[in-house]
Amino acid sequence: MGVSGHALINELLVLQPEIYGSMGEEVTELDGLLYAIDRLPDGIAECRYINLTADEGLGESHFKNIVPAKRRRNCYRIDKDQMNIEITRGRSDIYDILTHLTFMFIEANKIAKKVLINEKGKTLREWKNLAEVVLTNKKIFNNEREVLLAHLSTFLGRSFEEIKQADIDFATPSQPNRFFQVIYWMGKLAINEILQDKKHEIAFSPILRERIGHHIYGEMWAMNIKNELFKRDLLKRPIHIISANMHSVMNSIYGPMLLTKEASNNEGISLFELIGSDEHKELRKIIKKGAAKKGLTFIKDATGANIDVQIIDTKKIDLDKTIYKINNSKKELPVLIVMDYAFGEQAYETMDELLKPYELENGGKVHLNVESVSIMGKAGILAGGKGDIMIPNSHIFEGTADNYPFKNELSATDLQNNGLEVFEGSMVTVLGTSLQNRDLLEFFYNSTWKVIGLEMEGAHYQKAIQSASKIRGNIKKDVKVRYAYYASDNPLETGSTLASGGLGESGVRPTYVITQKILEQIF
């Protein structure tokens, strides 16, 4: 609530991001708060000092690594008042954290103003009851819980029904009272700001300032992959890079081969729905173990990039037992590099470094024989609904005049007749999903830009691919590119934004439809 904080708050209130719903109203925005809290470290609401740092060695200390439920970033609670958050994925990480914190402080200030009765610090009776439960870690049972929820309804400005649902949504197995804790500490620290001038402070470490934008983590990450390829004599084989999750490519190739009984009883996508269900974790273990013996090498990231990788040598797979038919004209069987999702600007850093030649100890260089780069991801859709598929033909970088048209090897006709809507057109690469405002999105959708969706990595990936292939000569000029996204939300539809929850099992079909089409084209 200082000068710089007010500047951020005022800008966010002007922007009115769709994901934060009723942020500009007096009532507390519960869905947006859950979305933000799940992407920030546990305990952040209790911390007055938040330090953004590079990887500066805290991982080797006694401090416990706190990884947020919905974001891969390392965080460390230094003491009761300070949280350190490591930034290893570029500026997009900083935008994401600052936006969520700014929103959280807006909501905290609403709570403080509601519960404070006077300038001397007298508070509502309902607030005192909440404080007693949180500070004493008191166990509460059904009737008492409903009494407390009714109290919260008084100063959060939401119906009892909404408060009760939020209590369920916030709860975790280890923290059944997380909702109460978050609301209390947000309000408590905001009250301290008002009464005692104890302001929140967000700081950037000198090492972070020095390292940001220098590809330090991306370079180490890419070198680990290329070292593994060199060790296995795979550098000169045809290489296909796929940015996706860590399960769909592996399951698509190895699932039907290793789970013959299940595959005979579950045709097509239903097999992958079975593998992905919570009650069939043992099937996933069978695939992981079997794949490790048949050409799949897993590289757990330890560089700070937070992007795990699978290298799949298809020469070690009996491809006749898979659902894919090999193109006989191909002399050498391909090597697949499957990389987990990058985050925003990190996509440029990682892809740029991965496409550079491998430097040998004798000073020589080996150019990777990259034949294609395929990007499958989640995105917000403007033209359809959750679960639908988007096939871009160009990426537009938000806030600039930068645009990247390309020939997409995937087309809408490739993915039709799968029970899903498929849209083709431009997509906008945004600075952050939590910065998107309805007016801006409607402009992109209705104007001659004809944007069908928004995501965070496409322009960054394409910038790296184009410079490596067309300008720098790091990879072949005619490298094939494939982009396909499935809709995780529609930010223009009330109740369908990311804050309304994930896709769950409905995301399985589009994920595997896209994955299988990518693999068909590769083979």
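**Exercise 1. Is Arg 237 buried or exposed, and what is its relative accessible area?**

Solution. The model is a predicted one, in which local features need pLDDT of at least 70, side-chain atom pairs count only at pLDDT 80 or more, and totals for chains, interfaces and linings use all residues. Residues are numbered from 1 along each chain as its sequence is written, and side-chain values use heavy atoms, with hydrogens and water left out.

Step 1. The classes are buried (under 20% relative accessible area), exposed (over 50%) and partly exposed (in between), with a 1.4 Å probe and protein chains only. Accessible areas come from the Shrake-Rupley method with that 1.4 Å probe, and only the protein chains shown count as cover for residues.

Step 2. Arg 237 has a relative accessible area of 5%, and therefore it is buried.

**Exercise 2. Determine which residue Arg 237 pairs with in a salt bridge, and which parts the pair ties together.**

Solution. Step 1. A salt bridge requires a side-chain nitrogen of Lys or Arg within 4 Å of a carboxyl oxygen of Asp or Glu. Side chains of opposite charge can pair when their charged atoms come close.

Step 2. The partner of Arg 237 is Asp 313, at 2.6 Å from N to O. Arg 237 lies in the loop between helix H9 (216-231) and strand E6 (239-243), and Asp 313 in strand E8 (residues 309-313), so the pair ties together parts that are 76 residues apart in sequence. Helices (H or I, at least four residues) and strands (E, at least two) are DSSP runs, numbered from the N terminus.

Step 3. Asp 313 is buried, with a relative accessible area of 9%.

**Exercise 3. Analyse the salt bridge of Arg 158 in the same manner.**

Solution. Step 1. The partner is Glu 29, and the closest N and O atoms are 3.8 Å apart.

Step 2. Arg 158 lies in the loop between helix H5 (142-156) and H6, whereas Glu 29 lies in the loop between helix H1 (3-15) and helix H2 (30-37), so the pair ties together parts that are 129 residues apart in sequence.

Step 3. Arg 158 is buried at 17% relative accessible area, and Glu 29 is buried at 8%.

**Exercise 4. State how many salt bridges the structure holds, and describe the pair of Glu 409 and Lys 407.**

Solution. Step 1. The structure holds 29 salt bridges.

Step 2. In one of them, the side chains of Glu 409 and Lys 407 meet at 3.5 Å, N to O. Glu 409 counts as partly exposed at 22%, and Lys 407 is exposed at 59%.

Step 3. Salt bridges that share partners also join Arg 71, Arg 73, Asp 93 and Asp 96 into one network.

**Exercise 5. Locate Leu 354 and list its contacts.**

Solution. Step 1. Leu 354 belongs to helix H14 (residues 346-354), and at 0% relative accessibility it counts as buried.

Step 2. With contact taken as heavy atoms within 4.5 Å, and residues up to four places away in sequence not counted, Leu 354 touches Trp 221, Ala 222, Ile 225, Lys 226, Ile 241, Met 339 and Leu 368.

Step 3. The C-alpha atoms of Leu 354 and Asn 408 are separated by 21 Å, with their positions 54 residues apart along the chain.

**Exercise 6. Describe the loop residues Asn 177 and Thr 123.**

Solution. Step 1. Asn 177 is found between helix H6 (160-170) and helix H7 (178-196). Asn 177 counts as buried at 15% and, residues up to four places away in sequence not counted, touches Lys 138, Ile 140 and Arg 145.

Step 2. Thr 123 sits in the loop between helix H3 (91-115) and helix H4 (125-135), and is buried at 10%.
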